[in-house]
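Q: Please take a close look at a single part of this model, one helix and its surroundings, and describe how its residues are placed.

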Amino acid sequence: MIRVRLPMHLRNLAGVAREIELEVPAPVTISAVLDLLERDYPALRGTLRRYDTGERRPFIRFFAGGEDISHDPTDRPLPAAVVDAKEHLLIIGAMAGG
Amino acid sequence: MATVRVLVGTQKGAFILTSDTSRRAWTVSEPLFGGWEVYHVKGSPLDPQRIYAAQSTGWFGQLIQRSDDGGKSWNTVGNEFAYCGEVGTHQWYDGSQHPWEFNRVWHLEPDLHDAETVYAGVEDAALFRSVDGGQSWQELPALRAAHGELWQPGAGGMCLHTILLHPTDPQRIIVAISAAGAFRSDDGGESWRGINHGLVSNWELPDPHANVGHCVHNLAMNPARPDLLFMQKHWDVMRSDNGGDDWREISGNLPSDFGFPIAVHAHEPETVYVIPIKSDSEHFPPEGKLRVYRSRTGGGEWEALTHGLPQEHCYTNVLRDAMAVDTLEECGLYFGTTSGHLYASADGGDHWTVIAQHLPKVLSVEVQVVP
């Protein structure tokens with residue numbers, strides 16, 4: 001089980017609390033997490049990654065173990081602390097604008 | 001007793017205002033989809049309890065919301081807008097070719113004949129149709145074959161912003177795109193052609209009379225006379241008496257013929273309304289006076305409607321989808337400003353009142369009369 005935090009707008013959209021718990025089969029990767037999120041919360045489809053290319057939306061960022069992993073390959077296993085639910089996978093709307 | 005419901009899309013959410021048919025006292029809802037841009041909200045003419053909303057942000061992309069209870073509750077429906085076939089290219093600002101890329105939905109138009117069918121005009125410009133209440137969307141790709149390679153974005157993006165459906169002929173669809181022009185299909189969207197003969201764009205196009213490339217801002221018609229069309233172009237107010245085959249200018253005595261919205265009276269097909277602004281580089285009313293102009297003669301001769309509107313120090317704007325008319329016996333008009341005021345007239349424009357103020361920037365206004 002891993003613990004995921006979403007930005008406020010997406011929590012409202014999905015109708016979930018601050019934290020989501022997901023049972024992700026190994027290997028636990030960003031792709032696997034997003035697949036499960038979109039399966040369990042269909043309202044999130046298209047909000048985190050593009051339909052046409054599957055790419056992360058430019059203003060979406062992923063943080064794990066205190067590191068920005070947004071540009072890592074999406075099939076790379078997440079840090080053990082996230083996989084063991086000791087830390088969250090943070091999905092964040094990037095700060096943008098003035 | 002019937003209810004009048006005004007659907008307002010803004011830069012930071014949507015609002016629904018309701019009144020009885022006297023239209024004297026209005027209730028303003030709490031924000032819907034707060035913090036999201038809502039480019040358009042529109043109800044089905046066949047089932048007024050069904051309302052669609054186009055919700056988006058630069059962070060999380062496009063969503064489509066649907067209500068089946070008049071806006072009390074909402075559910076997301078389909079938000080995948082996939083261009084059909086080869087994506088292709090259109091003109092970019094510098095004249096080079098640029099790949100088509102979906103950005104957002106500008107306009108939702110529920111069908112007049114089938115309650116499950118709804119159209120979406122999107123940026124980069126294309127027309128999509130759903131036949132399952134918005135759950136899934138299919139492009140009508142023949143539109144982009146109408147010289148899409150020559151279309152180019154206006155300052156607000158390359159958007160399909162206007163969809164006119166014929167009241168009795170479901171095969172006829174008219175759309176407008178900035179900056180490409182107006183297009184018509186007479187076979188339900190299977191084929192399209194530009195309907196821009198008579199438009200002249202002296203400063204915007206190398207060939208001012210070209211069939212493609214005009215910056216059409218908005219179109220309007222009265223369903224009783226579906227071949228009589230009115231257009232607010234970048235510059236020039238235009239009219240067509242033959243479904244768009246030919247256009248002629250009707251700017252007449254307007255103080256400026258630049259503007260965004262245009263509307264037609266619900267019961268008088270030759271009574272048309274525009275809200276002039278000073279120029280393409282100064283998007284505010286001439287002389288700081290917010291005036292709606294009305295022509296009762298189908299254009300050419302215009303009168304300023306000012307009662308209840310600010311007549312000094314007003315430097316706001318009204319966007320293309322932000323004016324609407326209701327269908328009550330005494331036609332009501334509504335418009336919203338970029339500075340967040342919503343004005344209404346219950347007497348065809350003679351008198352105006354503010355029915356909401358200090359809203360976020362108003363992007364769209366629609367109105368329903370609910371039995």
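A: In this predicted model, helix 2 of chain A, residues 30-40, has Ile30(A), Val33(A), Leu34(A) and Leu37(A) as buried residues. These four cover an arc of only 95° around the axis, and they therefore lie on the same side of helix 2 of chain A. The spacing fits a general rule: an α-helix has 3.6 residues a turn, so residues three or four places apart point the same way. On the face turned away from the buried side, helix 2 of chain A carries the exposed residues Asp35(A), Arg39(A) and Asp40(A).

As for what the buried side meets, the buried residues of helix 2 of chain A pack against four strands of that chain, namely strand 1 (2-5), strand 2 (19-22), strand 3 (60-64) and strand 5 (88-93). One of these elements, strand 2, is also linked to the helix by a loop, and Pro27(A) is found in that loop between strand 2 and helix 2 of chain A. The peptide bond that joins Ala26(A) and Pro27(A) is cis, with omega at about -5°, which can be set beside the general expectation that most peptide bonds are trans.

Beyond the helix, the wider setting includes the contact between the two chains, which takes twelve residues from chain A and ten residues from chain B. On the side of chain A that touches chain B, the residues divide into five nonpolar, four polar and three charged.

Conventions. Residues are numbered from 1 along each chain as its sequence is written. Chains are lettered from A and ligands numbered from 1 in the order in which they are written. This is a predicted model: local features need pLDDT of at least 70, side-chain atom pairs count only at pLDDT 80 or more; totals for chains, interfaces and linings use all residues. Two residues are in contact if their C-beta atoms, placed from the backbone, lie within 7 Å. Ala, Val, Leu, Ile, Met, Phe, Trp, Tyr, Cys and Pro count as nonpolar, Asp, Glu, Lys and Arg as charged, and the others, Gly among them, as polar. A residue is buried if 20 or more other C-beta atoms lie within 10 Å of its own, exposed if 12 or fewer, and partly exposed in between; C-beta atoms are placed from the backbone. Helices (H or I, at least four residues) and strands (E, at least two) are DSSP runs, numbered from the N terminus. The arc is that of the directions from the helix axis to the C-beta atoms.
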